[in-house]
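Okay, thanks everyone, I'll keep this short. Let me put the structure up, and then we can walk through the strands, the core and the aromatics.

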Amino acid sequence: MLLALSACQVQISADINVTENGSGQVTVVVIADGATLRAAPELVDSLQLDDLRDAGWTATVQNPTADGGAGVTLVHSFNTPNEATVLLTELSGPRGPLRDFVLERTGRTNDSTFTFTGVGGLPDGTSSFADSEALVALGAAPFATTIEELGVQLTDVLQVSVRLTLPGEPLDTNGTLAARENDDLVSTFEWQVPVDGSELTLAASTRDRDVSAMVAGWIARAIFVVMILAAALTLIYIATVVSRRTRSTPSS
């Protein structure tokens, strides 16, 4: 029984997908494997998702998964980087494993820089999964007693990851950059968030340039300048012709 319980695995993944105009979608997936569900069969029934749905998140439960476990998927769209920052703040709160996430877009429409920063980790252990009121009510950090009884470490039973997709070419990151071709329009970064008590600063930036739109803009401006010059030259020519005719007309 202890061997079965020590094989429990819970995976939390956050996927942030950003489009060229700064809109996008946040997807969070939490999966408990079959061993976890067998050890805690009441887990799915105890889920409280109404608050998340009231806040605009789409919440779906998969029970069972392929290995007999259970999964929860949360999805929320955003229209601007500022909205994304608000959603990411809601995602984990000030104590959770994903904190202080900020998404920014600067520059011009056809030449933008996207910057993402955040902090990942569980410096307070499983206490990070509960607010102060919950900790008082529980009398201890959630799951701490169970983990101690099993004789395992939190790193043995929990994995947290972040995946970020930004428009454009990568500028800088401390994460893992997914393989990409030279003509790819997006860059994808991945981080494995530590759950051993340490913290990791997440950072990534890209530059998104629409070269064709920029060239088209330059051409349009050049054509506009040529048209102004042509109109000016036409007016000068007409004025010159009128002036010559006036001088050449004999006075009565």
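So, let's begin with strand 1, residues 10–18, and strand 2, residues 24–32: these two run antiparallel and are joined by nine bridges. Bear in mind that what you're looking at is a predicted model. If you want a register for that pairing, take Ser 13, whose bridge partner in strand 2 is Val 29. The two strands make a hairpin with five residues between them, and in the turn Gly 22 has a positive phi of about 90°.

Now, moving on from strand 2: it also pairs with strand 4, again antiparallel, and again over nine bridges. There, Ala 32 has Ala 70 of strand 4 as its bridge partner. Keep an eye on Ala 70, since Thr 65 is in contact with Ala 70 and Gly 71, once you leave aside its neighbours within four places in sequence. Thr 65 sits in the loop between strand 3 (58–62) and strand 4 (70–78). And is Thr 65 buried or exposed? Buried: its relative accessible area is 13%, and the cut-off for buried is under 20%.

Let me zoom out for a second. The protein chain has eight helices and 11 strands. It's 252 residues, and 33% of them count as buried. Of the contacts with a separation of 6 or more, 60% come from residues 24 or more positions apart. The chain exposes about 15200 Å², with carbon and sulfur atoms supplying 57% of that.

Okay, the other sheet I want to show you. It's an open one with four strands in the order 5-6-11-8, paired antiparallel. Strand 5 and strand 8 (169–173) are the edges, each pairing on one side only. Ignoring direction, neighbouring strands in this sheet are turned by 15° against each other on average. Inside it, strand 6 and strand 11 (residues 199–209) pair over 11 bridges, and Asp 111 stands opposite Arg 209 of strand 11. Then there's helix 4, residues 81–92, which lies across strand 5 and strand 6 and runs at about 175° to strand 5.

On to the core. Which residues touch the most other members of the largest nonpolar core? Out of 34 residues, they are Ile 16, Val 18, Phe 101, Phe 116, Val 162, Leu 164 and Trp 191. Strand 7, residues 158–167, gives the most to this core, with five residues. Val 18 is a nice one to click on: beyond four places in sequence, its contacts include Phe 78, Leu 103, Phe 114 and Leu 164.

Last bit, the aromatics. There are three aromatic pairs by the rule used here. One is Phe 101 with Phe 116, an edge-to-face pair at 5.2 Å centre to centre and 75° between the planes. Phe 101 is in strand 5 (residues 98–108) and Phe 116 in strand 6 (residues 111–121), so this pair ties together parts that are 15 residues apart in sequence. Both of those rings belong to buried residues.

Phe 116 also pairs with Trp 191: the ring centres are 5.9 Å apart and the planes at 40°, so this one is tilted. Trp 191 is in strand 10 (residues 186–193) and Phe 116 in strand 6, so here the parts tied together are 75 residues apart in sequence. Phe 116 and Trp 191 are both buried. Add Phe 189, and you get one aromatic cluster of Phe 101, Phe 116, Phe 189 and Trp 191.

That's my tour, over to you for questions.

Notes. Residues numbered from 1 in each chain as written. Predicted model: local features only at pLDDT ≥ 70, side-chain atom pairs only at ≥ 80, totals over all residues. Heavy atoms only, no water. Buried < 20%, exposed > 50% of the residue type's maximum accessible area, 1.4 Å probe, protein only. Contact = heavy atoms within 4.5 Å. Pairing = 2+ DSSP bridges. Core = buried A, V, L, I, M, F, W, Y, C linked by side-chain atoms within 4.5 Å. Phe/Tyr/Trp six-rings, centres within 6.5 Å; stacked < 30°, edge-to-face > 60°. Areas by Shrake-Rupley, 256 points an atom, 1.4 Å probe, with all protein chains shown as cover. Axes fitted to C-alpha atoms, helices over the stretch in contact; angles between N-to-C directions.
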